[in-house]
Every structure is written in C-alpha cells, then in structure tokens.
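Work through the exercises below with the sequence and the structure in view. Try each task before reading its solution.

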Amino acid sequence: MGKMNLLKANWEGKVGQTVGAKWKDKSTIRTYTKPSNPKTEAQMEVRGVFGQMTAFVALFADQIKYLSALNTRGMSVRNAIIQANKDQITAGTFDATTLLVSRGGLPNVTGVTASYATNKVSVSYTAPVATNITSKAKIVAIAVDKENKRAWAAAELFDADALDINTGSLESGTELDVYYYVIDQRGSSKVGSPSAHATVTVA
C-alpha cells in the first residue's frame, strides 16, 4: 500500500498504477510494471544452486565470523562466501569440494592430512614459511556434516603443526567436508589464503 502526501507533492510505494520512491534523496514517480518471473529451466537451476549453497554455508558462517578475511563490505560472512562462489551459481552446479570459504594472497598450509578419531577431527599440516606471514598467523579449519546439518570450527597458531576440531561422537560412515586456510593480521585488517578442501569419512 502506498502513501500520498499532497502537501509535499510526493508519494511512497504503489498508488494506483504508479510507484513513488526516493532516489538520491529526490522523490521519483514511475509507472508500475509487474516484475517478470518466467521460471525458466535455467532460472530454476540457478535458484536451486543458490538455495543449496546458502543452506550449506549457513551451517558454519557464524562460527567463522571473526576468523574470516573476506571483504564483507557491510554484508554477512555467509553472503561474502556466496559472493566469492558466484561462478558456481552461474554454472548451475553446487560443488562443496571446490567451494571457497576464504581467499587472498597468503600461502596456505601444505602436506595436510585429516582424520577422525576419539570425538575430534585432527588436521596435521606443514606451516608455510614466508616473509609476509607473522607470528600471529593462524590456521582455521572447518568440518561440515552436510547430511546432519551441523558444523564445527577451530583455529590455532602454527606452533604445533596440528589442529583438532572437537566434534563429539559421530556415527560410522559420516562424511565430513573439511576446509582449511591461513589467516593473519595486518593492523586492524585481516588477510587470508585461498581455502582448500579435504574429505574425512568416519570409520
């Protein structure tokens, strides 16, 4: 429902076949046009992938709110991750194994092995040796159980060359998507590395 203000000669919202709105602090009026929603096959495919990705990323986005170097520019970490993976949405295929949860110019850890035992996912790695990485740099790891809609995250300094993600007891056969990346501090800003992926199956 629209509102008409005759004293100011403007209106907001839909009034009859017109729509009033603000644009650069100016009142504007345009003819109402019904939005098109053809629901083509391609459109529905894109919407489906967007829905899958949104639901998947929502499982862990809040947990890495302060462990992300993505430039959110006023958006949530979840939306920043979706923005970083718009190529998947455009292509119409969601692939958790190539999903980027971090990106940037830092080198990532190498020699990664990930396994599950005694209520935790253990990630072993070799820390990168680079002049642009400080002693405050951390490895961040995320384990996602897509089937049961749950996720866990952890972060540690490079000291131990290993990181544990406490998940609690998991059923045999549970498949986890594990993401890991490097994050470092530059003053008040964070910088990161492109994330990498590993798959862990609970024995």
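A residue counts as buried when its relative accessible area is under 20%. The model is predicted.

**Exercise 1.** State what share of the residues of the chain is buried, and how much area the chain exposes.

Solution. Start with the residues: of the 203 in the chain, 35% count as buried. Then take the surface: about 12300 Å² is exposed, and carbon and sulfur atoms supply 51% of that area.

**Exercise 2.** Compare the radius of gyration of the chain with that of a compact globule of 203 residues.

Solution. First, the reference: such a globule would have a radius of gyration near 17 Å. Next, the chain itself: its value is 23 Å. Last, look at the C-alpha trace, which spans about 70 × 40 × 30 Å along its principal axes.

**Exercise 3.** Find the two residues that touch the most other members of the largest nonpolar core, and list the contacts of Leu 99.

Solution. Begin with the general tendency: in soluble globular proteins, nonpolar side chains tend to be buried together. The largest nonpolar core has 26 residues, and Phe 60 and Leu 99 touch the most other members. At least two residues of this core come from each of helix H1 (41-58), helix H2 (77-84), strand E7 (138-145) and strand E10 (175-186). Now leave aside the neighbours of Leu 99 within four places in sequence; its contacts then include Met 53, Phe 56, Val 57, Phe 60, Phe 94 and Tyr 179.

**Exercise 4.** Which residues does the second, separate core include?

Solution. Among the 24 residues of this core are Tyr 125, Leu 163, Leu 176 and Val 202.

Methods:
Residues are numbered from 1 along each chain as its sequence is written. This is a predicted model: local features need pLDDT of at least 70, side-chain atom pairs count only at pLDDT 80 or more; totals for chains, interfaces and linings use all residues. Side-chain values use heavy atoms; hydrogens and water are left out. The radius of gyration is taken over C-alpha atoms; the globule rule is 2.2 Å times the number of residues to the power 0.38. Buried means under 20% relative accessible area, exposed over 50%, partly exposed in between (1.4 Å probe, protein chains only). Accessible areas come from the Shrake-Rupley method with a 1.4 Å probe; for residues, only the protein chains shown count as cover. A nonpolar core is a set of buried Ala, Val, Leu, Ile, Met, Phe, Trp, Tyr and Cys residues joined through side-chain atoms within 4.5 Å. Helices (H or I, at least four residues) and strands (E, at least two) are DSSP runs, numbered from the N terminus. Contact means heavy atoms within 4.5 Å.
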